[in-house]
Amino acid sequence: MARKKVGAVAREKLEGRVVGGRFSQLANYSDLFDRSRDGILFVDVRNHEILETNSAFRDLIESDRSPEGASFLDFFPDSTRESVEEWFRSPETALELGSIDGKVVEFTSARVKLADYCEVYQLIARDVTKERVQRNLLEAQSLTDEMTGLSNFRAFKARLALEHERAEKNIQPYSIVFFDVDHLKHFNDRNGHHAGSEILR
């Protein structure tokens, strides 16, 4: 059996009450805009002026006032504005804003056509603070020895690669020092691993 076109499916499912087309096209976007738990804002493609925001975005930035009329770039330090403008030109990846009132906010962007055929950026803003804290914690744990709390061999290799690159760039030598702690096993057996870990620290 041949697959029906999406428009035909929409007409059939809704018993002829609509003209047709994709369900997403038939939905009332303003309802989604207002009810979304994610912050949504429309930004002018020409000058990055914020045109409209939903209440979820205003909650995210903890402001009763809408930032409409302000530049989206005003959320970012001057030093990063150029990279934000570059992101707008090719927003394949998410843009992370370091801190809005202590929150880490992630933006994703898409150009959308409005009814009058002009285009705007539609940005979705999410508070990813908990995710980033969790990720940073996992990264720290992966680089730390569980017993001593010291950097582990993985952290050593990462630091060694960094120092090697720096030495090559500056054409400078560097040294690595290894040392062995004699009879640590006997000390651990006699005094416990906690005491041995303290010695290593």
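This is a short tour of a predicted model, going from its paired strands to a loop, an aromatic pair and a pocket.

**The strands**

Begin by selecting residues 39-44, which form strand β1, together with residues 50-53, which form strand β2; the two run antiparallel and are joined by three bridges. Within this pairing, look for L41, which stands opposite T53 in β2. If you then follow the chain through the hairpin of β1 and β2, you pass five residues between the strands, and in this hairpin H48 takes a positive phi near 65°.

Keep β1 selected and add residues 119-127, which form strand β5, since β1 also has a pairing there: six bridges join β1 to β5, and the two strands run antiparallel. A good place to centre the view is V43, whose bridge partner in β5 is Y121. From β5, move on to strand β4, residues 103-113, which runs antiparallel to β5 and is joined to β5 by nine bridges. Here the residue to pick is T108, whose bridge partner in β5 is I124.

**A loop that meets the hairpin**

Next select S71, which has its place in the loop between α4 (55-60) and α5 (81-89). Which residues does S71 touch, once those up to four places away in sequence are left out? The contacts are with N47, H48, E49 and I50, and H48 is the residue already met in the hairpin of β1 and β2. For N47, the separation from S71 is 24 residues in sequence, while their C-alpha atoms are 7.6 Å apart in space. Before leaving S71, show its side chain as well, because a polar atom of that side chain lies 3.1 Å from the backbone nitrogen of L73.

**An aromatic pair**

The structure holds twelve aromatic pairs, and one of them can be seen by selecting F57 and F75, whose ring centres are 5.9 Å apart and whose planes stand at 85°, so the pair is edge-to-face. This pair links distant parts of the chain, with F57 in helix α4 and F75 in the loop between α4 and α5, 18 residues apart.

**The largest pocket**

Finish at the largest pocket, which has a volume of about 680 Å³. To find its centre, select S151, F156, I176, V177 and F178, which are the closest to it among the 24 residues of the lining. Then colour the helices α7 (153-170) and α9 (193-200), each of which supplies at least two residues of the lining. Which helix gives the most to the lining of this pocket? That is α7, with nine residues. Colouring the lining by residue type, finally, divides it into 15 nonpolar, five polar and four charged residues.

Conventions: Residues numbered from 1 in each chain as written. Predicted model: local features only at pLDDT ≥ 70, side-chain atom pairs only at ≥ 80, totals over all residues. Heavy atoms only, no water. 1 Å grid on protein atoms, 1.4 Å probe; cavity = no way out; pocket = protein on both sides within 12 Å on 5 of 7 lines; lining within 4 Å. Points joined across faces, edges and corners; volume = space filled by probe spheres on them. Helix = DSSP H or I, 4+ residues; strand = E, 2+ residues; numbered from the N terminus. Nonpolar A, V, L, I, M, F, W, Y, C, P; charged D, E, K, R; others polar. Pairing = 2+ DSSP bridges. Contact = heavy atoms within 4.5 Å. Polar contact = N/O pair within 3.5 Å; in protein donor to acceptor, adjacent residues only side chain to side chain. Phe/Tyr/Trp six-rings, centres within 6.5 Å; stacked < 30°, edge-to-face > 60°.
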